[in-house]
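Reader: I should like to learn how a single residue, and then a sheet, may be read from a model. Please begin with the residue.

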Amino acid sequence: MPRNCGSAALRSLPCGPLPDSSRASATLTIVGDVHRWWRAADAAHLERQRPDLALFVGDLGDEDLEIVQRILAVQVKKAVLLGNHDAWQSFGRRTATEKLTAILDALGDDHLAYRVREVPAAGVSVVGARPFSWGGPSLRSPELYDEIYGIRTGKQSAAAIVDAARHAQHRDLVILAHNMPLGLGDATTDICGKDFGKPGGDWGDRDLALAIQRIEGMGLRVRAVVAGHMHHKLVHPRGGERTRFVRRGGTLFVNAAYVPRVRTSPEGGEESYFVRMQWRAGECLAVEELWVDVDGNVRSATPARFVDLAGEAPVVDETHDEPAGG
Ligand SMILES: [Fe+2]
Ligand SMILES: [Fe+2]
């Protein structure tokens with residue numbers, strides 16, 4: 001019998017260490033918002049573990065080429081989806097700065113925005129959503145998206161995500177995003193609930209929710225959405241923590257934004273945070289939260305505790321016109 005995560009709702013998802021018979025499984029290792037917290041030990045960990053793909057959800061730094069180059073130097077297969085911080089100055093100027101252009105050039109095909117990457121060993125295709133998301137209803141700078149991707153509206157962005165999914169070679173998809181889709185709850189403690197400013201409200205991305213609706217309508221299965229952006233520690237209520245692992249139907253939603261991702265362990269040593277997923281034939285077998293020590297060794301691996309969302313995804317209005325950007 002597979003081990004369960006403690007949640008009665010997760011009966012079909014074993015989350016504990018895998019038995020020996022599961023050696024044929026593939027590993028996707030997720031790195032949440034980096035915000036410059038990147039150690040030599042993190043590179044050593046990835047290079048030693050050799051995941052089938054390392055997924056970076058963005059916010060590597062504040063439009064910071066040096067941190068991007070450090071991550072690119074890690075000898076591991078990787079896919080990156082840049083966050084709002086990675087284009088911070090460009091959003092201010094509503095045009096790509098030289099630095100953002102250099103970052104995008106350096107990343108090349110490893111930046112998965114509106115692209116697909118195959119992971120045959122896992123039986124999944126990884127589809128990249130819209131980069132640089134700030135969350136909420138606005139794209140912030142349609143000018144910047146137009147300049148880089150030829151996109152000015154959320155609807156065009158959704159269409160570009162769907163287009164990437166159309167090129168997927170597998171029926172089972174993992175979506176890599178910076179922010180979660182709309183429709184996962186509006187409490188501050190929810191996986192993408194707004195906890196700042198006037199707290200409360202769903203801060204998810206409408207374009208991603210619309211894209212998922214269409215992708216599933218095409219008969220593809222979105223097995224997981226991997227994102228960050230909404231940090232684990234809440235502004236309101238101060239000191240509170242957000243739910244970061246949610247399951248609805250056959251889709252897992254994993255928010256890897258434990259920020260800062262480096263902490264002092266209960267024993268006094270320094271350790272950093274990763275999320276590790278095991279996959280086989282398009283199915284997620286296990287999700288674990290890892291703490292990695294200064295030598296790059298795993299100090300602890302804890303099965304993620306998923307909260308089950310009842311019902312189906314709220315229907316996204318195809319005719320909705322979002323604000324043109326703030
Ligand atoms: Fe962040
Ligand atoms: Fe962010």
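Author: This is a predicted model. Burial is judged by counting neighbouring C-beta atoms: a residue with 20 or more others within 10 Å of its own counts as buried. His231 has 21 other C-beta atoms within 10 Å, and is therefore buried.

Reader: Where is His231 placed among the strands?

Author: His231 belongs to the loop that runs between strand S7 (221–227) and strand S8 (245–248). Beyond its neighbours within four places in sequence, His231 is in contact with Asp33, Ala257 and Val259.

Reader: What share of the 326 residues is buried?

Author: Buried residues account for 49% of the 326. The protein has 7 helices and 14 strands. Its radius of gyration is 18 Å, close to the 20 Å of the globule rule for 326 residues, so the protein is as compact as a globular protein of that length.

Reader: How should the pairing of strands be understood?

Author: In general, strands of a sheet pair through backbone hydrogen bonds, in parallel or antiparallel fashion. Here, an open sheet of 7 strands follows the order S4-S5-S6-S7-S9-S8-S14, with mixed pairing. Strand S4 (116–119) and strand S14 (307–308) are its edge strands, each pairing on one side only.

Reader: How many bridges join S4 to strand S5?

Author: There are 4 bridges between S4 and S5 (residues 124–128), and these two strands run antiparallel. Glu118 stands opposite Ser125 in S5.

Reader: Which strands does helix H6 lie across?

Author: Helix H6 (residues 154–166) lies across S4, S5 and strand S6 (172–176), and runs at about 155 degrees to S5.

Methods
Residues are numbered from 1 along each chain as its sequence is written. Chains are lettered from A and ligands numbered from 1 in the order in which they are written. This is a predicted model: local features need pLDDT of at least 70, side-chain atom pairs count only at pLDDT 80 or more; totals for chains, interfaces and linings use all residues. The radius of gyration is taken over C-alpha atoms; the globule rule is 2.2 Å times the number of residues to the power 0.38. A residue is buried if 20 or more other C-beta atoms lie within 10 Å of its own, exposed if 12 or fewer, and partly exposed in between; C-beta atoms are placed from the backbone. Two residues are in contact if their C-beta atoms, placed from the backbone, lie within 7 Å. Two strands pair if DSSP finds at least two bridges between them. Axes are lines fitted to C-alpha atoms, for helices over the stretch in contact, and angles run from 0 to 180 degrees between N-to-C directions.
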